[in-house]
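Subject: Structure for you to look at

Hello,

Here is the structure I said I would pass on. Please open it first and keep it beside you while you read the notes below.

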Amino acid sequence: MAIDAESFELLLATVQRFVRERLIPAEDGVEEQDRVPDELIEDMKAMGLFGLTVPEEYGGIGLSVSQEILVNYELGRTAPAFRSVFGTNIGIGSQGILMDGTPEQKAEVLPRIASGELIISFALTEPDAGSDAGSLKTSARLEGDHYVLNGSKRFITNAPRAGAFTLMARTGGPGAAGVSAFIVPADTPGLSLGKPDRKMGQRGTKTCDVILDNARVPASHIIGGVPGQGFKTAMKVLDRGRLNISAVSCGLASRILDESRRYARDRRQFGKPIGEFQLIQALLADSQAELLAAWALVQEVAQRFDRKPPGASDPDVSMRVSCAKLFATEMVGRVADRGVQIHGGAGYINEYPVERFYRDARLLRLYEGTSQIQQVVIARELLREG
């Protein structure tokens with residue numbers, strides 16, 4: 001159950017102030033040092049940001065999806081690295097345990113996730129299995145009361161920070177039905193990390209490979225206690241994650257638009273602000289119209305998401321989530337491109353935020369399902385209905 005409206009308004013105001021007064025001023029330092037300062041991480045823990053979506057009974061705040069997207073919109077208005085610190089805790093890392101875990105698993109893990117004591121990551125993608133998640137090759141062989149895991153995971157967000165992973169491995173035959181979800185502690189013997197990835201943008205976020213070499217995990221660590229349910233768990237987790245990436249995209253677009261209109265008012269050419277030229281006004285107007293359309297779609301889909309039974313699969317809602325993710329992430333890419341164009345040569349220089357936001361925004365069309373995967377999900381449901 002979501003927190004009451006008054007409490008949520010106080011939380012949202014606190015997040016807005018934190019973004020404005022603490023995070024935005026720290027953006028340049030994160031870009032230069034490729035890390036989020038420890039004191040800001042401790043502040044995030046104190047604010048409860050690591051437990052936004054964990055129910056109150058497990059020490060979290062328990063936001064609904066409709067509330068969560070409003071918080072993520074605000075967090076989208078600053079460098080993505082800040083949200084990334086706790087993003088896997090409130091999203092793909094914890095939601096599978098929350099939706100499908102046993103009572104014992106929830107009681108053991110969720111309070112530590114909510115407090116920030118435990119950073120948990122989501123390990124699905126592999127070198128040869130990303131969009132085609134049902135073809136993953138990481139194996140889990142049962143030996144007595146343990147599974148022995150072998151394989152590697154690729155581009156795993158927060159892996160260098162993680163104390164545990166929600167990890168997908170193959171316990172059965174080919175296809176999605178053979179995939180199981182495990183809770184794998186980061187200190188499991190046989191689990192190691194690859195070198196940190198050097199990315200185009202989103203400096204301060206941490207990703208790397210996770211390598212499993214005869215890593216032994218108790219059979220009791222299968223989420224829900226039942227093998228073969230991992231693919232279903234992963235898909236349910238991704239729906240909520242995709243909706244929140246959509247909200248982040250809208251927040252980022254609003255920040256880029258703010259920076260662009262400020263520059264258009266201040267920058268003078270031919271004796272007047274460039275914002276007085278209609279071609280510049282058209283770039284601003286198109287960005288505003290697309291942002292408002294995307295944000296309206298994201299909010300409407302979030303309300304539908306909240307109306308379905310918790311943890312239930314609803315193909316129509318999944319299709320609408322993919323619509324939101326496709327439109328919002330493509331939208332922010334266009335807004336970022338226009339932002340650079342409005343800034344002219346200055347937009348290509350790191351001194352201005354739009355340069356790094358242009359690079360940051362590019363990833364949003366790729367992770368948690370590329371734009372092309374969203375198109376496949378949408379078309380498949382349309383054809384199924386027909």
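Glu-21 counts as partly exposed, because its relative accessibility is 48%, and the cut-offs for that class are 20% and 50%. Please keep in mind that this is a predicted model. Glu-21 also takes part in a salt bridge: its partner is Arg-20, and the closest N and O atoms are 4.0 Å apart. In total, the structure holds 29 salt bridges.

A second pair to look at is Arg-77 and Asp-258, whose side chains form a salt bridge with an N to O distance of 2.9 Å. This pair links distant parts of the chain, as the two residues are 181 residues apart. Arg-77 sits in the loop between α3 (65–75) and α4 (80–90), while Asp-258 belongs to helix α7 (residues 230–266). Are these two residues buried or exposed? Both Arg-77 and Asp-258 are buried.

The third pair is in helix α10. There, Arg-359 and Glu-355 form a salt bridge, with 2.8 Å between the closest N and O atoms. The two residues are 4 residues apart in α10 (residues 353–362), so about one helical turn separates them. Arg-359 has a relative accessibility of 17% and therefore counts as buried. Glu-355 is buried as well, because its relative accessible area is 14%, and the cut-off for buried is under 20%.

Elsewhere, some salt bridges share partners and so do not stand as separate pairs: Glu-27, Asp-28, Arg-255, Glu-259, Arg-262 and Arg-356 are joined in this way into one network.

How many of the residues of α10 are buried? The number is 8 of 10, and the helix is mostly covered. Among the buried ones are Pro-353, Val-354, Phe-357 and Ala-361, and also the charged residues Glu-355, Arg-356, Arg-359 and Asp-360. What do the buried residues of α10 pack against? They pack against α1 (5–33), α4, α7 and α9 (315–343).

One item comes from a database record. In an unreviewed entry, UniProt lists residues 9–117 as "domain: Acyl-CoA dehydrogenase/oxidase N-terminal". In the model, the chain over residues 9–117 is 72% helix and 0% strand. The C-alpha atoms at the two ends of that stretch are 26 Å apart.

Regards

Technical notes:
Residues numbered from 1 in each chain as written. Predicted model: local features only at pLDDT ≥ 70, side-chain atom pairs only at ≥ 80, totals over all residues. Heavy atoms only, no water. Buried < 20%, exposed > 50% of the residue type's maximum accessible area, 1.4 Å probe, protein only. Contact = heavy atoms within 4.5 Å. UniProt positions renumbered as here; feature names shortened; annotations may be inferred.
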